[in-house]
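The following exchange is written for a reader new to this structure. It asks what the terms rest on and how each one is applied.

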Amino acid sequence: MKKLNKTSVRSLAASVVTAVSLLAAPAAFAAYPDKPIRLIVGFSAGGTTDVVARIVGKEVGDALGQPVVVENRPGAGSNIAAEMVARADPDGYTLLMVAVTSAINHTLYKNLKFDLVEDFDPVALAVRVPNVLVVHPDVKANSVSELVDLLKANPGTLNFASSGSGTSIHMAGELFKLRAGVDVAHIPYKGSANAVTDLIGGQVDYMFDNMPSAWPHVETGKLRALAVTTADRSKTAPNLPTMQEEGFSDFDVSSWFGVIGPKGLPEDVVAKLNKAIRDGLAKPEVRERLEGLGAVPADTTPEQFGQFIKTEVETWGPVVEASGAQVD
């Protein structure tokens, strides 16, 4: 038997290492996820984005066998969180619970350090949520028309809250101001939960909040609901009129929430995440919980969600420009 010299031994060893690495690579990739996944939320805990993120996160974690850790990074209308995810490694371990806010911010902010369409990979749309116009019980208005009359009779003395400048809640309020022709101050907060707290406390007068975070307070009498912002009535509150029924034609505003990641996510990772989200949202008990909050579960491919995001950016642009709202 011929003996191997040192060079041959080294060459053989290198070949073995290379072969093992090639065999191991697919196995390692197939193991995704092999550690916790971070789902970043651009708003404070307790708001609708946070609530949806935790429901979706649990379903993804259960399906993929790794916990999904929800991290709240509020500020700048969710731009801080979005920029953080845009700069993250595209390995599937840092994701963003994106909301309609980001589509609005595309026009509202002139100096963003990321592009919602170009710098992210879409994974799945999770839910769509109607907004609801709610007032503090002391506000002497039991309908939208009565609120308009009150605002016109007291220009500049009442105010409305939002979950932050540029959010759909804010823009719904601006659209209402434009259509009603009223003078009302906007009070932005870092998240819906904080805004609702002050609305209940009487520090602000009204707001267009997401149905999931506002409705429990309506049911307990802490807030009074006047209308929903979607074209159709909500299953959660079938007796509540729409803004269109209250005389505001073409007033059709809804929030939506989905999952995206940094540009360059592996296709297999996107496929796993998309399937986990869609399967989770299809469960009867999950659908019932979401619908009980006023949210409508979605079911999209990554490609469909990507096109949806593009359409939303194009749709909200003219609304932002017409309102005159601008952050920087």
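Q: What makes the largest empty space of about 120 Å³ a cavity?
A: The largest cavity has a volume of about 120 Å³. On a 1 Å grid over the protein atoms alone, a cavity is a set of points where a 1.4 Å probe fits but cannot get out, whereas a pocket is an open set with protein on both sides within 12 Å along at least five of seven lines; lining residues have an atom within 4 Å of a point. The volume is the space filled by probe spheres set on the points, which are joined across faces, edges and corners. Rolling a probe the size of a water molecule over the atoms shows where empty space is left. The model is predicted, so local features need pLDDT of at least 70 and side-chain atom pairs count only at pLDDT 80 or more, while totals for chains, interfaces and linings use all residues. Residues are numbered from 1 along each chain as its sequence is written, and side-chain values use heavy atoms, with hydrogens and water left out.

Q: Which residues lie closest to the centre of the largest cavity?
A: Its lining has 15 residues, and Phe-43, Thr-49, Ser-163, Asn-210 and Phe-257 are the closest to the centre. At least two lining residues come from each of helix H2 (48-64), helix H4 (100-108), helix H6 (168-180) and strand S9 (254-262). Helices (H or I, at least four residues) and strands (E, at least two) are DSSP runs, numbered from the N terminus.

Q: How many residues of each class line the largest cavity?
A: Five are nonpolar, 10 are polar and none is charged. Ala, Val, Leu, Ile, Met, Phe, Trp, Tyr, Cys and Pro count as nonpolar, Asp, Glu, Lys and Arg as charged, and the others, Gly among them, as polar.

Q: How many cavities of 30 Å³ or more are there, by this rule?
A: The count is two. The second largest holds about 60 Å³ of space, and its lining has 10 nonpolar, one polar and no charged residues. Among the residues that line it are Val-56, Val-123, Leu-273 and Ile-277. H2 provides the largest share of this lining, three residues.

Q: What makes a group of residues a nonpolar core?
A: The group must consist of buried Ala, Val, Leu, Ile, Met, Phe, Trp, Tyr and Cys residues joined through side-chain atoms within 4.5 Å. The largest such core has 53 residues, and Val-56, Met-97, Val-134 and Leu-273 have the most contacts inside it. Strand S4 (residues 120-135) gives the most to this core, with seven residues. A second, separate core has 50 residues, including Leu-96 and Phe-208.

Q: Why is Asn-274 called buried?
A: Buried means under 20% relative accessible area, exposed over 50%, and partly exposed in between (1.4 Å probe, protein chains only). Asn-274 has a relative accessible area of 6%, and is therefore buried. Asn-274 lies in helix H9 (residues 267-282).

Q: Which residues does Asn-274 touch, not counting residues up to four places away in sequence?
A: They are Val-123, Ala-124, Thr-300, Thr-301 and Pro-302, where contact means heavy atoms within 4.5 Å. The C-alpha atoms of Asn-274 and Thr-301 are separated by 7.0 Å, although the two residues are 27 apart along the chain. The side chain of Asn-274 also reaches the backbone oxygen of Thr-300 at 3.0 Å.

Q: Why is Asp-250 called buried or exposed?
A: Its relative accessible area is 63%, so Asp-250 is exposed. Asp-250 sits in the loop between strand S8 (224-228) and S9, with phi near 65 degrees, a positive value in a residue other than glycine. Asp-250 is also one of the residues lining the second largest pocket, which has a volume of about 230 Å³.

Q: Why is Ser-78 called buried or exposed?
A: With a relative accessible area of 7%, Ser-78 is therefore buried. Ser-78 is found in the loop between strand S2 (68-72) and helix H3 (79-86), and its phi is near 85 degrees, a positive value in a residue other than glycine.

Note on methods. Polar contact = N/O pair within 3.5 Å; in protein donor to acceptor, adjacent residues only side chain to side chain.
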